[in-house]
Amino acid sequence: MHELLTPAEMAEADRLTIAAGTPGIELMERAGRAVADVVGRRPLSTPVLVLCGPGNNGGDGFVAARILTERGFRVRLALAGPRDALRGDAALAAARWRGPVEDAFAAPLDPSGVIVDALLGAGLARDVAGAMAALIDRVNRGGRPVVAVDLPSGIDGASGLVRGIAVRAGETVTFFRRKPGHVLLPGRLHCGAVRLAQIGIAGAVLERIAPRLFLNVPALWRPAFPVLAVDGNKYRRGHALAVSGGIEATGAARMAARAALRIGAGLVTVAAPSSALMVLAGALEAVMVRRADGAAGLGRLLEDARRNAVVMGPGLDPDEETRAMVEAVFAAPRPLVLDAGAITAFAADPERLFRGVAASATPTVLTPHDGEFARLFAGAVEPGAGKSERALRAARLAGAVVVLKGPDTVVAAPDGRAAIADNAPPTLGTAGSGDVLAGMIGGLMAQGMPAFEAASAAVWMHGAAAQRFGRGLIAEDLPDLLPGVLQALETDEDGAGGD
Ligand SMILES: NC(=O)C1=CN([C@@H]2O[C@H](COP(=O)(O)OP(=O)(O)OC[C@H]3O[C@@H](n4cnc5c(N)ncnc54)[C@H](O)[C@@H]3O)[C@@H](O)[C@H]2O)[C@@H](O)CC1
Ligand SMILES: [K+]
């Protein structure tokens, strides 16, 4: 259930189902019934106003209006456009509606009750303007609860972007699988609670469609998650190396190192410049400290093949020394997580980074926030595109897994897969939170997890850890919340099992 279908892929799922023998009107009947089921949880005295658009989304609205009327609700229906312009299944559904059809552009919106938004769904093809925009604006200003059919009208199902203006719903009923627009911002904020309804589309159609976008839930990466072997030892669980900044910037690497250890790496070493060695030695216990000055020093540490994954960036200056150290890891080569200063170091010459990734042929993960992303991919990835599209283009360009952070963190792989997270609480926006995430990814890669799965798992667990703590969270708390998250994963709590 964690696949996310673009509107084009969903249309294909409809098409395959219809081709296999289920008439389109039957799918529409089931979709409309699912909407009626959600709306119908309210008391029978609740007036219902169904706003229908010119396409099949409006067709779902006609069905829902009919079923709610049959159940005893007082239902008004208003259509945005001429009735004789309805085509296909929508025209069939409209013919089954016996009540009056008002003009949605002129109809008064009830002062009470619930509005069903069946104006525009997957067929949104351009920015909303004119009379339709004015109608949506009236719905939003009216302040009444809205149940959106498939998508809040005006939200782009593929990108989650607002096309001109969009309905703000309290609930959204969608069909078969969620769409990226339900998970990505700002779409998610317009959806309210998303109710997923099955309308008789067989899961087998997904084999034909081969979706590439996923909701980031444990089911996505659990098969690749490291399991502890009874006969294991710390060396088999990998050895992560976190590179520290100078004397005034050691905390970031310490947090990354602690996170790598907590997420299960057998050993973790902080590679420290001489200036910071004493500070780090005094501040760490289970995490080891080794001297590493510049690229040459780091290269020497990597001569030991057991040090099998590197985290770089937290606390590092974006300068030539950092660039050279990154290249020392490429030369080794080792699976690598680049964050913060190690990303910004290449802002003036991103090609140098991309060449290094390509030449090393080792899994690389970049974890930029929006600002770092804009600096590294300026010009190459247009800012107007949706977030998953931007992350995917960047991943292809860099040849690396790109973790584009935010409330809807996207993990994108160069092969076109992307995972979108919806479990990050706002408390994660705190100093050092990204350092912990980088360490978690490195800790999972040290245990042999592939880059895309490691980054996805770390992002989800980062969100789950923060949820466990609640208000007052600081980054230092995050690593120590991981045991609880790991244990819940093992015992299948947190909705971790299915989806
Ligand atoms: N057989 C099927 O394909 C099924 C479709 N379903 C419903 O059908 C919807 C998709 O139907 P459609 O493909 O007809 O698309 P929609 O009904 O979402 O929208 C298409 C219509 O809106 C117009 N339109 C597009 N953008 C506009 C804009 N910015 N301003 C004003 N008008 C605009 C188009 O000209 C067209 O008339 C889904 O969201 C879902 O609700 C469900 O009934 C399940 C079965
Ligand atoms: K809608």
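This is a short dialogue on reading the predicted model above.

Visitor: What should I know before I start?

Guide: The model is predicted: local features need pLDDT of at least 70, side-chain atom pairs count only at pLDDT 80 or more, and totals for chains, interfaces and linings use all residues. Residues are numbered from 1 along each chain as its sequence is written, while chains are lettered from A and ligands numbered from 1 in the order in which they are written.

Visitor: Into which domains is the protein chain divided?

Guide: Domain 1 covers 3-211 and domain 2 covers 218-491. Such bounds come from an automatic or database domain assignment. The two centres, taken over C-alpha atoms, are 41 Å apart.

Visitor: What does UniProt list?

Guide: An unreviewed entry gives "domain: YjeF N-terminal" for residues 10-207 and "domain: YjeF C-terminal" for residues 217-489. UniProt positions follow the numbering used here, feature names are shortened, and annotations may be inferred rather than shown by experiment. Residues 10-207 are 37% helix and 16% strand. For residues 217-489 the values are 46% helix and 13% strand.

Visitor: How many residues of each domain are in contact?

Guide: Contact means that C-beta atoms, placed from the backbone, lie within 7 Å. Ten residues of domain 1 meet eight of domain 2. On the domain 1 side, seven are nonpolar, two polar and one charged. Here Ala, Val, Leu, Ile, Met, Phe, Trp, Tyr, Cys and Pro count as nonpolar, Asp, Glu, Lys and Arg as charged, and the others, Gly among them, as polar.

Visitor: How do I read a sheet?

Guide: Strands of a sheet pair through backbone hydrogen bonds, either parallel or antiparallel. Two strands pair if DSSP finds at least two bridges between them. Helices (H or I, at least four residues) and strands (E, at least two) are DSSP runs, numbered from the N terminus. This open sheet has seven strands, in the order S4-S3-S2-S5-S6-S7-S8, with parallel pairing. Strands S4 (102-103) and S8 (193-197) are the edges, each pairing on one side only.

Visitor: How many bridges join S2 to S5?

Guide: Five bridges link S2 (residues 48-52) and S5 (residues 114-118). One of the partnerships sets leucine 51 against aspartate 117 in S5.

Visitor: Which residues are closest to ligand 1?

Guide: Gly55, Asn56, Asn57, Gly121 and Gly123 are the closest of the 27 that surround ligand 1. A residue counts as near if its C-beta atom, placed from the backbone, lies within 6 Å. Helices H2 (24-39) and H3 each give two or more residues to this shell. H3 gives the largest share, five residues. By class, the shell has twelve nonpolar, nine polar and six charged residues.

Notes:
Two residues are in contact if their C-beta atoms, placed from the backbone, lie within 7 Å.
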